[in-house]
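Work through the exercises below with the sequence and the 3D structure open beside you. Try each task before reading its solution.

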Amino acid sequence: MSSFAERCIKTMSPAKPTLLSGPEENAKTQESRLCSICQGMLIRPYDDWNESLHNQPYYTKRAVDDVVSSATNGCTICAILWDSILSTRKSRPWIEDGSETVACMLHWNGKSGKFDAIHFNHSVQVHFDLLLDEDVNYLVLGDKNQLRKTSSDASWKLITRWLTECTKNHQSCNQAAKQDTWFPTRLIDVGIQKVGSAPRLILAAETQFGAGKDAYLALSHSWGSKQMETLTTTNISALQDGILLDKLPTTFKDAIRVARRLGIRYLWIDSLCIIQDSKDDWRKEAAVMGKVYQRSYCNIAANAAAEGYEGLFIDRDPSLHSPFKVNLKWKGHERSYYCLYNELWHYGISRTALNRRGWVLQERLLSPRTLYFNHQLFWECRELKACEAFPQGLGPNADFEPDDYEDDSELCPKSWATEITRGSDKYAPWTKVVESFMISGLTKGADKLTALSGIAKEMRSLLDDNYVAGLWERNLAFDLLWYIEKRRQVNWDCSFRVKPYRAPSWSWASVEGRVQFPRGRHDISWGVPLVEILAVEVESVTGDSTGELSSGYILVSGILKRMSELDMFPEHTLDLFPGAATACCIDDMEDFSLKELYCFPIRSMKGHSQEELLCLILTLISGSSDTFRRVGLLALAKDEIDEIDGLEWDIEEWNKVVSS
């Protein structure tokens, strides 16, 4: 929660915790103070929930100013609601937010015979789950006074418990530990061998590591705008002699503290372990960046720190980060519930600035386990997602999906590699990786492919396939069908094809935009590919085909047809997507005025109510008669094909193409 919400709740009197059984001081959170309007939603002894329509016994609107006032005066629900609104305004400033009211709904579940949720709708949808006491048996917390800091003894005990459980009992999290010992080129020795010793930079090639004993942590952090100590060609010798803690940003000092507390001797931090003024060293280390995180003991993520000087540890009010008890009293129904803000994961992980850094995606996905430091501790490994409020797992009520269609916050799961080997569609995790990556930012756009290089290498091994500019050779008939949703980037600026050259036009890496892959609305079936891939080749800058590229092409055979100019398509088709209806998805609106366009059918997609033909939109490269570049993706709905002016197609020809 923000400092605003923290200040709001400080006006409340902390409730005395009720102890649960267990070896530690564990407690469910008790009643919180609510404003009269929130109380009026929950306490209505003369209203009959049985007379409600659509399972909504209570619906009202309240002024945003009223929510702010109640939050300031200590209402827990209003504080969380207003904090979510503020967070959305900050992270998605492009959304027009002119509403002065918030819709409030209390939901009744007729099947279970209880209230199950409170919904608020403004510029963001905020949901609270209402759980019965027996539904939260897995809920344990330390004593509130101990939990006012994420560096408390109770927090350290929990970190140790997560690590111990994972390293001893999670088979899928310990595959890298069974491989040959490997260490990055450089590491920071944090100085746990001798009391009072300063951390220093060491070279792995010159270090005698203890077999099966020594390990290292890897830090994920936001660089921020402030100048900080980095490794350069001029100070490398000095840093090998010793690193002055006073010169390090707080996040780095806290990471050293974590390593020392856990008894892990070594730490990897990009800015201190890669020579920042050497392009050759950067390219060499970037090529193994994925392996650095994959072989780490644990990834430490500074999720709450937008700047390196903000640190890992935070003072907080535990009441804002755990369930609280509320009493509901309606005619014929009176009982207590636990009120749970069900987007803990979104707020603490998905929506944070750190997880919008492009490089952090592979840091998170390749590391066996990640410990996130935010207003509460979060844990993610391949078999468990947990936090301080839910130390044994986020439970069945946790919501990991985006809260609305426009939300870009869903993250690819850490178990992606397992899904490749066990799932029915082994390429599906890659599309999710790309979609997650393309809503992230990079300081240098030229790093687009390099920042995914580690994941690509790992997936190449699992798929046993050839990786070509962000696509897979045996899956090209699907991978070529990426599209830019609504011609936009994640911040709603227009998408565009980058210059200078970064990747061939048929690769999503050639654009800046919100890349998606077609799925359809429900169950779909795919027609056979309508093209034959004759050859595909990419030329890399460094010899690493998963990294920076200098050129690439596909030689493909199929049906090529002239198509109408883009302004002949109905305007609404420019904002639709495959699976919805006829959609014309343009990569770069500078191409909208092109006169000579071609339609190149790739394959058909059939849903329960309609069938679409998915085609690449192409144009000839200037001066060529047989070499094309991509302009976008066209989804032609069979039942709408006659409605598009200037399209030299009809149903008969559509059927002929699909059946060919």
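The exercises that follow concern a predicted model.

**Exercise 1. The protein as a whole**

Task: State how many helices and strands the protein has, and what share of its residues count as buried.

Solution. Start with the secondary structure, which comes to 17 helices and 31 strands. Next take burial: of the 660 residues, 55% count as buried. A further step looks at contacts between residues at least 6 apart in sequence; among these, 71% join residues at least 24 apart.

**Exercise 2. Two helices side by side**

Task: Decide how helix H14 and helix H15 are oriented to each other, and name residues that meet where they touch.

Solution. Two packed helices are described by the angle between their axes and the distance between those axes.
1. Locate the helices: H14 covers residues 428–437 and H15 covers residues 453–463.
2. Take the distance and the angle: the two axes come within 12 Å and cross at roughly 175 degrees.
3. Compare the angle with the cut-off: angles over 145 degrees count as roughly antiparallel. H14 and H15 are therefore roughly antiparallel.
4. Look at the contact: Pro429, Trp430 and Val433 of H14 meet Ile455, Ala456 and Met459 of H15.
5. Sort the contact residues by type: six are nonpolar, none is polar and none is charged.

**Exercise 3. A loop residue after H15**

Task: Is Asp465 buried or exposed, and which backbone atom does its side chain approach?

Solution. Asp465 lies in the loop between H15 and strand E18 (467–468). Its relative accessible area is 8%, and the cut-off for buried is under 20%, so Asp465 is buried. A polar atom of the Asp465 side chain lies 3.2 Å from the backbone nitrogen of Arg474. Leaving aside neighbours within four places in sequence, the residues in contact with Asp465 are Tyr427, Arg460, Trp472, Glu473, Arg474 and Asn475.

**Exercise 4. Strand E15 and its partners**

Task: Describe the burial of strand E15 and the way E15 pairs with E12 and with E16.

Solution. In a regular strand the side chains alternate between the two faces of the sheet.
1. Count the buried residues: five of the five residues in E15 (369–373) are buried.
2. Assign them to faces: Arg369, Leu371 and Phe373 are on one side, with Thr370 and Tyr372 on the other. Both faces are covered.
3. Take the pairing with E12: it is parallel and runs over three bridges. Within it, Ala301 has Tyr372 of E15 as its bridge partner.
4. Take the pairing with E16 (residues 377–381): it is antiparallel, with five bridges. Here Thr370 has Glu380 of E16 as its bridge partner.
5. Find the connection: a hairpin of three residues joins E15 to E16.

**Exercise 5. A buried asparagine**

Task: Where is Asn303 found, and which backbone oxygen does its side chain reach?

Solution. Asn303 is in the loop between strand E12 (298–301) and strand E13 (324–331). With 6% relative accessibility, Asn303 counts as buried. Its side chain reaches the backbone oxygen of Gly348 at 3.2 Å. Beyond its neighbours within four places in sequence, Asn303 has contacts that include Ile349, Thr352 and Leu354. Tyr372 and Phe373 are also among its contacts; both belong to strand E15.

**Exercise 6. A sheet of seven strands**

Task: Give the strand order of the open seven-stranded sheet and name its edge strands.

Solution. The order is E3-E13-E14-E7-E6-E5-E4, and the pairing is mixed. The edge strands are E3 (43–48) and E4 (58–63), each of which pairs on one side only. From one strand to the next, the twist averages 30 degrees. As an example of one pairing, E7 (residues 125–131) and E14 (residues 333–341) run antiparallel and are joined by four bridges. In that pairing, Leu131 has Tyr338 of E14 as its bridge partner. Helix H3 (residues 64–72) packs on the sheet and touches E4 and E5 (101–109). The direction of H3 makes about 85 degrees with that of E4.

**Exercise 7. Strand E28**

Task: Which residues of strand E28 point each way, and how does E28 pair with E31?

Solution. In E28 (residues 583–586), Ala583 and Cys585 point one way, while Cys584 and Ile586 point the other. All of these are buried. E28 and E31 (residues 628–637) run antiparallel, joined by four bridges. Ile586 stands opposite Gly632 in E31.

Key:
Residues are numbered from 1 along each chain as its sequence is written. This is a predicted model: local features need pLDDT of at least 70, side-chain atom pairs count only at pLDDT 80 or more; totals for chains, interfaces and linings use all residues. Side-chain values use heavy atoms; hydrogens and water are left out. Buried means under 20% relative accessible area, exposed over 50%, partly exposed in between (1.4 Å probe, protein chains only). A polar contact is a pair of N or O atoms within 3.5 Å; within protein, one must be able to donate a hydrogen and the other to accept it, and residues adjacent in sequence count only if both atoms are side-chain atoms. Contact means heavy atoms within 4.5 Å. Axes are lines fitted to C-alpha atoms, for helices over the stretch in contact, and angles run from 0 to 180 degrees between N-to-C directions. Angles under 35 degrees count as roughly parallel, over 145 as roughly antiparallel, 65 to 115 as roughly perpendicular and the rest as oblique. Ala, Val, Leu, Ile, Met, Phe, Trp, Tyr, Cys and Pro count as nonpolar, Asp, Glu, Lys and Arg as charged, and the others, Gly among them, as polar. Two strands pair if DSSP finds at least two bridges between them.
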